[in-house]
Amino acid sequence: MNNIIVLPLIIPIMVGVILVFLRPYVKTQRVISLVTMLGMVGISLYILNKIQTDGILRLDFGGWEPPFGILFVADSFAMLFVLIANIVTAICLIYAFSSIGESHEKMFFYPFVLFLIAGVNGSFLTGDLFNLFVCFEVMLLASYVLITLGGKKAQLRESIKYVVINILSSWFFLVALAYLYGTLGTLNMAHLSERVAEAGQGPLLTTISILFLIVFSLKAGLLLFFWLPGSYSVPPTAIAALFGALLTKVGIYALFRTFTLIFYHEPSITHTLIGIMAGVTLVVGSIGAIAYQDVRLISSYNVVIAVGFILVGLAVATQTSFEGSIYYVMHDMIAKAMLFLIAGTMIALTGKTKIDEMSGLIRNYPLFGWMVFVVTCSLAGIPPLSGFVGKLLVGEAAIESGSYVLLALAFISSIVVLYSLLRIFLNSIFGETIISPEDEVPLKKGMIVPIILLAIGTVFLGLGAEFISGYVSDAARTLSNPSVYIEAVLGGN
């Protein structure tokens, strides 16, 4: 029955290939892609609950037992990421039906979205570092196509930067893998954890760990995020929402997995460095969020701030901080998708991109206006919405560990997030409307419904925190105790 854990990778790829041959049939592509993603949500829920009863699940490809073969490993940490990623992708697809345009849909939009989510799911589930690299590349190749979809000048300009940076980081990834394999003779994550513990994390392994830190920081947007704001602000709205919600989370997942399972023996070096990078990311991201008037750039810098906040939990490195970061990742995937959809909808309704050129949208679109208020409160961490629980737990862990500088930066950044989004709400949503009755563009149901669904998600994560606390606690326990993961993967091998 463990074969089921490969389905989040295999099914999107197979369906994506089929959709390539259905290019002229847009409605058929819509139905098949949405049904596929809803199926992925169901499968993810099933696997997540199966883990709670049967423990961590492992699938050895071709019957080759670890550490010799390729394997997938499903624990609560990975499956929470997979579940939320699939939910967000399904909702963004619904938004795309009404916004992306038939010309874009016929340019293989749906196949590449499915390839993208296949790479994301595979990255979360793989049990060895080389296949993490492979799944990264599947995800990135799909994102290269999606970021240029439409071929506008700004897209092509930003895509060059995006592609070059990711090719460079992939090269560094391969170099790091080569050094690690040459040193320890394995790339299986659980086996690496054993080998590093046996050999001791000396200067060579610590240097290799810093190389991995650079690679995954480029992917996550931790300090090295100079490529991110421009790249996330140019694609069509549904694609930008997918990027903002999912892509940085793969880098964040890799950082957590690597520095809790493999390179956790010299925290005074590695985790201190992560803490410094997280702190600088919070500061610079906060400056960017209040420096710009463009609603898309404000949204992009809010992604950067979230990356810094989540990695504070890794730098503190306690079970409580891990729980806080996991809660916050789940919240951020939903809330950032909602923020990007709202930003794109504002531009679609007004034809403007800067917040001082919009005004009074709540008078024309009252429900939409209150959705902006909901996402503002959620991202600022105001209870009972989803951002509160993660911030509370990370803050509690930072106090317990004495990380007061990181605590101060994290919560100052929360004030900046609130201020940056209140600027959007007060400038663009309130005030006198700039849209006359004859110029008012109807707000399509296919655009407002996904935003409402995401709003329901952020409310549920906040009010239902106790409901999911068992899953989150199990995930944090696995991160805090590498032996749990090692035993599940290697067993008696």
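Here is a quick tour of the enclosed cavities and the aromatic rings in this structure, which is a predicted model.

**Empty space inside**

Rolling a probe the size of a water molecule over the atoms shows where empty space is left. Here, the count comes to three cavities of 30 Å³ or more. The table sets out the two largest.

| Cavity | Volume | Lining residues by type |
|---|---|---|
| Largest | about 60 Å³ | six nonpolar, one polar, one charged |
| Second largest | about 40 Å³ | nine nonpolar, one polar, no charged |

Start with the largest cavity. Going along the sequence, you'll find M139, L140, Y162, N166, K219, W227, Y232 and L247 around it. Two helices, α6 (129-147) and α7 (153-184), are the elements that give two or more residues to this lining.

Now for the second largest cavity. Its walls are made by V295, L339, I342, A343, M346, V372, V375, T376, L421 and I424. Three helices each put in at least two of those residues: α14 (319-350), α16 (366-380) and α18 (404-429). Which of them gives the largest share of the lining? That's α14, with four residues.

**Rings next to rings**

Switch to the aromatic side chains, and a search of the whole structure turns up 35 aromatic pairs. Take F130 and F133: their ring centres are 6.0 Å apart and their planes meet at 40°, so this pair counts as tilted. Both belong to helix α6, and because they are three residues apart there, about one helical turn separates them. Are these two rings buried or exposed? F130 is partly exposed, with a relative accessible area of 39%, while F133 is buried, at 11%.

Another pair to look at is F309 with Y328. Their ring centres lie 4.8 Å apart with the planes at 40°, so this pair is tilted as well. F309 sits in helix α13 (residues 295-316) and Y328 in helix α14, so the contact ties together parts that are 19 residues apart in sequence. Both F309 and Y328 are buried.

F309 has a charged companion too. What sits over its ring? It's the charged end of K391, 5.6 Å from the ring centre.

**A cluster of phenylalanines**

Back to F130 and F133, which are part of a wider group. Together with F136, F173, F212, F216, F259 and F263, they form one aromatic cluster. To find it in the 3D view, you can start from helix α6, where F130 and F133 lie.

Conventions:
Residues are numbered from 1 along each chain as its sequence is written. This is a predicted model: local features need pLDDT of at least 70, side-chain atom pairs count only at pLDDT 80 or more; totals for chains, interfaces and linings use all residues. Side-chain values use heavy atoms; hydrogens and water are left out. On a 1 Å grid over the protein atoms alone, a cavity is a set of points where a 1.4 Å probe fits but cannot get out, and a pocket is an open set with protein on both sides within 12 Å along at least five of seven lines; lining residues have an atom within 4 Å of a point. Grid points are joined across faces, edges and corners, and a volume is the space filled by probe spheres set on the points. Ala, Val, Leu, Ile, Met, Phe, Trp, Tyr, Cys and Pro count as nonpolar, Asp, Glu, Lys and Arg as charged, and the others, Gly among them, as polar. Rings of Phe, Tyr and Trp (its six-membered ring) pair if their centres lie within 6.5 Å; planes under 30 degrees apart count as stacked, over 60 as edge-to-face and the rest as tilted. Buried means under 20% relative accessible area, exposed over 50%, partly exposed in between (1.4 Å probe, protein chains only). A charge sits over a ring if NZ of Lys or CZ of Arg is within 6 Å of the ring centre and within 35 degrees of the ring normal.
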